[in-house]
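Work through the exercises below with the sequence and the model open. Each task is followed by a solution in steps.

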Amino acid sequence: MKPHLPLAPVRCALITDSHLGPSRDSELHGHRPYDRLRQALRTIAELPTAVDLVLHCGDLSQDRSPESYALAHELVRELLRDTGVPVYFLMGNHDSVELLHREFAVPVRTYPDKAMSADFSFTVGHQRFVVLDSWHANTHDPLGFVTASQLVWLEETLGESTAAGEKAVVCVHHAPIPTGSPWLDANMIITNGEDLHRLLARYSPAVGIVVHGHLHRAMTVVRDGVVYAGAPSVVWQYLWEPWRTEPEQDPLTPPMYTLLECFPDRIQLAAYPI
Ligand SMILES: [Fe+2]
């Protein structure tokens with residue numbers, strides 16, 4: 001009789017908020033985003049155990065310029081070409097969905113209440129990933145919003161995961177629900193995140209974890225059995241203590257990537273310097 005070998009984890013490198021400008025030497029808040037993204041991809045490409053995928057959780061670009069997406073494409077080609085590791089992109093509030101679609105073939109859906117929404121789902125090994133686009137033109141930036149049609153799509157997709165006995169990793173750019181930081185909760189979350197949360201909580205057996213970017217900070221909120229995990233930026237982090245009245249850059253926490261490991265019976269994640 002063959003020994004029962006446990007399934008290997010699906011290993012995903014989460015990177016987010018690279019905020020690339022139109023040239024390699026573009027600077028933002030005292031950082032050079034091109035160098036940071038390059039270092040993040042190089043670190044991931046050189047990990048002693050290869051990851052199965054890279055997921056960029058939004059704000060690849062700072063200015064929606066075609067040049068910023070071309071630079072990102074150049075880096076992905078240069079650093080991950082030999083590894084064959086696929087890279088998936090989420091739509092962030094600084095991104096252009098048209099350029100993500102054109103440059104990286106990010107799938108888009110069109111609904112009666114939203115044109116070109118980067119909502120899609122895919123499976124790697126035993127793990128389902130569900131990507132939701134939380135940017136909406138009618139919402140005061142940098143807040144997010146998901147439309148009624150998107151919620152219907154998400155419910156159908158999570159229904160499929162439930163029927164298949166799978167646990168999905170749900171990926172979205174904005175923080176879905178309040179985090180306890182007043183400025184952040186007034187400016188950075190999904191305005192109708194309660195609708196999204198009710199749906200996720202109802203399907204919580206099929207939701208392994210919800211990962212997001214946008215906050216430039218590793219933060220975790222657990223509510224009604226749903227785990228929301230914010231991933232830190234590959235460029236700079238913010239301080240979001242509950243008593244803080246406005247954002248301030250964190251001078252001590254370095255640019256980071258997050259290693260998300262999906263085992264058949266558990267999900268683990270940890271952030272590391274790039
Ligand atoms: Fe963002």
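**Exercise 1. The metal site**

Which residues are the protein donors of the iron ion?

Solution. The model is a predicted one, in which local features need pLDDT of at least 70 and side-chain atom pairs count only at pLDDT 80 or more, while totals for chains, interfaces and linings use all residues. Residues are numbered from 1 along each chain as its sequence is written, and side-chain values use heavy atoms, with hydrogens and water left out.

Step 1. Look for donors, that is, N, O and S atoms within 2.8 Å of the metal (3.2 Å for Na, K and Ca); water is not among the atoms, so sites may look incomplete. The iron ion has D59 (OD), N93 (OD1), H173 (NE2) and H214 (ND1) as its protein donors, at 2.1 to 2.3 Å.

Step 2. Place the donors in the sequence. Their spacing along the chain reads D-x33-N-x79-H-x40-H. D59 is in the loop between strand 2 (53-56) and helix 2, and H173 is in the loop between strand 8 (168-172) and helix 5 (182-187), 114 residues apart. Helices (H or I, at least four residues) and strands (E, at least two) are DSSP runs, numbered from the N terminus.

Step 3. Check burial. D59 and H173 are both buried (buried is under 20% relative accessible area, exposed over 50%, partly exposed in between; 1.4 Å probe, protein chains only).

Step 4. Classify the geometry. The arrangement is irregular because the 4 donor atoms subtend angles of 83 to 170° around the iron ion. Four donors count as tetrahedral if all angles lie between 85 and 135 degrees; four count as square planar and six as octahedral if opposite donors are over 155 degrees apart and all others between 65 and 115; anything else is irregular.

**Exercise 2. Salt bridges**

State how many salt bridges the model has, and describe the partners of R11, R38 and R202.

Solution. Step 1. Apply the rule: a side-chain nitrogen of Lys or Arg within 4 Å of a carboxyl oxygen of Asp or Glu. The count is 16 salt bridges.

Step 2. R11 pairs with E261, with 3.2 Å between the closest N and O atoms. R11 belongs to strand 1 (residues 10-15) and E261 to strand 14 (residues 256-262), 250 residues apart. Both R11 and E261 are buried.

Step 3. R38 meets E78 at 2.3 Å, N to O. This pair joins helix 1 (residues 33-45), which holds R38, to helix 2 (residues 66-80), which holds E78. E78 is partly exposed at 34% relative accessibility, and R38 is partly exposed at 23%.

Step 4. R202 pairs with E155, the closest N and O atoms being 2.9 Å apart. R202 is in helix 6 (residues 193-202) and E155 in helix 4 (residues 148-163). R202 is exposed at 54%, whereas E155 is partly exposed at 27%.

**Exercise 3. Two helices**

At what angle do helix 4 and helix 6 pack?

Solution. Step 1. Their axes are 11 Å apart, at an angle of about 10°. Axes are lines fitted to C-alpha atoms, for helices over the stretch in contact, and angles run from 0 to 180 degrees between N-to-C directions.

Step 2. Helix 4 and helix 6 are therefore roughly parallel (under 35 degrees; over 145 is roughly antiparallel, 65 to 115 roughly perpendicular and the rest oblique).

Step 3. List the contacts (heavy atoms within 4.5 Å). L151, L154, E155 and L158 of helix 4 meet D195, L196, L199, L200 and R202 of helix 6.
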